[in-house]
Amino acid sequence: MTARAAEAGTAQAHGLGTLPVLDVDALIDDPGTRIVVCCGAGGVGKTTTAAALGVRAAERGRKVVVLTIDPARRLAQSMGLTELDNTPRRVKGVDGASGGELHAMMLDMKRTFDEIVEAHADPERARAILENPFYQSLSAGFAGTQEYMAMEKLGQLRADDEWDLIVVDTPPSRSALDFLDAPKRLGSFLDGRFIRLLTAPAKVGGRAGLKFVNLGVSGLSVFTGLLNKLLGTGLLRDMQTFVAAMDTMFGGFRTRADATYRLLQAPGTAFLVVAAPERDALREAAYFVERLAADRMPLAGLVLNRMHGSEAAHLSAERALAAAENLEDDGVVDQPEGEGGDGRPAPRSASGSGSGSDAHSGDGSGAGSGESAEDSSVSPDSPESPSAAERLAAGMLRLHAERMHVLARERRTRDRFAALHPEVPVAEVAALPGDVHDLDGLRAIGGRLAEQPGVEPA
């Protein structure tokens, strides 16, 4: 039997069908792996996954930096840091016995943009750019700026060659197109003909320049007039000043974006698509997988977060519901035939006897003690009613049935993804009972990532 066949058999025994299994430890231990990019839809656990990978890789001997673009700041809290900013900060409490270190940082896109300006312009021109209103708007929230600056920061970290492994937590984009295409879009905008045409008066000069543009391009004056009405009369002037100051830097934006894009395609980069076992999340994950393949990005596998499990998976939902109904109706489950004379369970007395005629003793009153059989049957303490323990057991059985329905739905959803992409290795992470808020929680997630059926423990 081949290793692949043995792995498939092990996975099938654990309910994973024939999905190939993602070996996370092999990925993060490989010295050739220099960048791991965690991508996926919002709310599926990308930040937690990235942090858990960082902790595990550092404690296995690598010098790691985790770059997050998540504005919720959960990463700082879970790592015991009071804050994260644009500078990598050492995380304390990580076991460094193997020689590893963990650092973390949060992208400050405006500060990153400022750093680019300061690095590529003389002090006077840099000051003019940084104080320009159009630049301040662009650097603070222009469409695509966050993704572009994430790529810039990734390129800076990789160029420093200080880190064995860079783990990137991508922005909570609605689509893979946002993360992969925004840098090119912004670079094209800053280096494109449109912005140069729109701001041509800055180079021609004064009113003559504006007249030139109005005469040379039909309808452009109408368009710029509309922009001024919508966004303020000073917009065009601010853009002209911005372009004039940034003129020598435009080519650099496009060049760096292209260089980082090629870095993402390089063999030392690995993409992990993170998803939850829900239809919409896995549909988005499938789209990510297809887009990464189309762009020749190296996909390592899928991390399927928050999978539910059960220690009593052998008990089906149907059997659990039947047992619960039996308990609630009769108070007993599967009594041996003959207990009641005709195969039905015999009614139980308060004393535990199977006979109702001598259920009471001492006064010889028997059933004629002033309480009818009908009244006795509806009494909460009646021999016919389920005990508190039986009601609790019935409730637990119903909860188990609900859990088994959830398991079945998650497996169907996962299997639909596997049918579309049978080549994608998968690591399943069981749901935790609570939120992850410290290093121990991140270690637990890292352990669950690594402990997959068919993967030999390191």
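Reader: How far does helix H5 (residues 109–120) reach from its first C-alpha to its last?

Author: This is a predicted model, where local features need pLDDT of at least 70 and side-chain atom pairs count only at pLDDT 80 or more, while totals for chains, interfaces and linings use all residues. Residues are numbered from 1 along each chain as its sequence is written, and side-chain values use heavy atoms, leaving out hydrogens and water. Helices (H or I, at least four residues) and strands (E, at least two) are DSSP runs, numbered from the N terminus, and a helix's expected span is 1.5 Å times one less than its number of residues. With 12 residues, H5 should cover 16 Å, and its reach is close to that, at 17 Å.

Reader: Is Thr-413 buried or exposed?

Author: Thr-413 sits in helix H19 (residues 388–420). Buried means under 20% relative accessible area, exposed over 50%, and partly exposed in between (1.4 Å probe, protein chains only). Thr-413 has 6% relative accessibility, so it counts as buried.

Reader: Which residues does Thr-413 touch, not counting those up to four places away in sequence?

Author: Contact here means heavy atoms within 4.5 Å. By that rule, Thr-413 touches Pro-277, Glu-278, Arg-279 and Leu-282.

Reader: Which residue in E4 is the bridge partner of Val-65?

Author: Strands pair if DSSP finds at least two bridges between them. Strand E2 (residues 63–68) has 5 of its 6 residues buried, so the rest of the structure largely encloses it. E2 pairs with strand E4 (residues 101–106) in the parallel sense over 6 bridges. In E4, Val-65 is matched with His-103.
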